[in-house]
Amino acid sequence: MQFNSDRLTYYFTTLCEIDSPSKGESKLSSYLQDLFNDLGADLVFEDDSSRVTGSDCGNFVARFAGTRRDVSPLFFNCHLDVIKPCLGVKVCKINDIFYSAGDTVLGADDKAGIAILIEVLIAIILENIPFVPVEFVFTTCEEIGLLGAKAFDPSLLVAKYGYSLDSTGIDNVIIGAPASYGISVEIHGLASHAGLRPLHGINAIQLAAHAVSRLPLGQIDGETTANIGLITGGTATNIIPDYVCADGEVRSHNLSKLYSTLDLFKKTFQDVVSSWHDPYDLITSRPSLGFSFSEQYPLMKLEPDSLPVVRTRHAASSLSRSLRFIQAGGGSDANFFNAYGLPTAILGIGMENVHSVSENIKLSDMLRTAELVYSILTS
Ligand SMILES: [Zn+2]
């Protein structure tokens, strides 16, 4: 298939230059819903997830019945929102590479994915190529905790498996991503004047420091990472702090390792707080601990014989292309789609330096991804 570079450039630039911060995706959503209707979608509908996410619009789905009705439906997913700073993006292109012209991100994450889908769809329609039943699923608020995907009702889709176009690198297929749990720790000590009554306080920050220094942090093993990333506490330099809050996370590709790491974190804080003692017997109270954790996103793990993997292998071999099937270190919408029982692989689309103002993407890489998407849709 010969794709139209000018058309792809036009749509990519247009999408990037429509503001779509997290919770403010409605302008981009309206533009795309109109476009998919114009391209002959059989159904375009928006869900009611905005009530949960706080966005000014819901997720939306564009469904095409396709002309290869013998093949089971599949879906492609991208997110509509862009990480900050993302208002007033101006795209510039130097040779083959798109950059942001200003002090914003480019927004290739994830508008390159959307532009690729549009170009492939237009090419298929114009050339009258038979294609499989497909749904395009666009989510809100991915960048602030996968909120749109988390609030998505999977029964809205007829497709039972799919792809997210939302990763760096090219010819990469992400087939696994960790689960992540957030941790929140609160330690209550006892306030006292640090200069006048130094023996009458319980320093909550010092207790937290003792505990944190004993935790395994960073890369714990080949599958598990942990971090304490926020510490808040204290009121003044001359007051022994009676409160500290520490927030962190544990991620793992292995749930039993994840849970045992959470247990270890909890036990470490409990041991430090419960072993506190007052050497002068002046204080009648004791420090206390609050420890809580909650799932941020679920595990993603695709089997080698799962539908998206098999179909991607087939599509790549028809292009005489070899792909790398790899694990990711972070979560994305695909974690939730997989947890919903919809096997979903993530395709690398070539974007680089994402989440920074030096974000960029090559036109040639977008065209390369378009070939793979085209092959998945038509083979
Ligand atoms: Zn993304």
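Helices α1 and α10 are roughly perpendicular to each other, because their packing angle of about 105° falls within the range of 65 to 115 degrees. In this predicted model, helix α1 spans residues 5–16. The axes of α1 and α10 lie 11 Å apart. On the α1 side, the contact is made by Ser5, Leu8, Thr9 and Phe12. On the α10 side, Leu363, Met366 and Leu367 take part. By class, this contact has five nonpolar and two polar residues. No charged residue belongs to the contact of α1 with α10.

Helix α10 also packs against helix α4, which covers residues 108–127. The two axes come within 9 Å and cross at roughly 55°. That angle lies below the range of 65 to 115 degrees but is not under 35, so α4 and α10 are oblique to each other. Their crossing is right-handed. Helix α4 contributes Ala112, Ala115, Ile116, Leu117, Glu119, Val120 and Ile124. These meet Met366, Thr369, Ala370, Val373, Tyr374, Leu377 and Thr378 in α10. The contact of α4 with α10 has 11 nonpolar, two polar and one charged residues. Met366 is listed in the contact with α1 and also in the contact with α4.

Helix α10 has a further partner in a sheet. Residues 363–378 form this helix, which lies across β5 and β19. Helix α10 runs at about 65° to β19.

The sheet itself is open and has three strands. Its order is β4-β5-β19, and the pairing is antiparallel. Strands β4 (91–94) and β19 (360–362) are the edge strands, each pairing on one side only. From one strand to the next, the twist averages 25°. Strands of a sheet pair through backbone hydrogen bonds, in either a parallel or an antiparallel sense. Here, β5 (residues 97–100) and β19 pair in the antiparallel sense over three bridges. Tyr99 stands opposite Asn360 in β19.

These elements belong to a protein chain of 379 residues. Its secondary structure comes to 10 helices and 19 strands. The C-alpha atoms fill a box of roughly 85 × 45 × 40 Å along the principal axes. Buried residues make up 45% of the chain. Among contacts with a separation of 6 or more, 76% come from residues 24 or more positions apart.

Note on methods: Residues are numbered from 1 along each chain as its sequence is written. This is a predicted model: local features need pLDDT of at least 70, side-chain atom pairs count only at pLDDT 80 or more; totals for chains, interfaces and linings use all residues. Helices (H or I, at least four residues) and strands (E, at least two) are DSSP runs, numbered from the N terminus. A residue is buried if 20 or more other C-beta atoms lie within 10 Å of its own, exposed if 12 or fewer, and partly exposed in between; C-beta atoms are placed from the backbone. Two residues are in contact if their C-beta atoms, placed from the backbone, lie within 7 Å. Two strands pair if DSSP finds at least two bridges between them. Axes are lines fitted to C-alpha atoms, for helices over the stretch in contact, and angles run from 0 to 180 degrees between N-to-C directions. Angles under 35 degrees count as roughly parallel, over 145 as roughly antiparallel, 65 to 115 as roughly perpendicular and the rest as oblique. Ala, Val, Leu, Ile, Met, Phe, Trp, Tyr, Cys and Pro count as nonpolar, Asp, Glu, Lys and Arg as charged, and the others, Gly among them, as polar. A crossing is left-handed if the near helix is turned anticlockwise from the far one by less than a right angle, and right-handed if clockwise.
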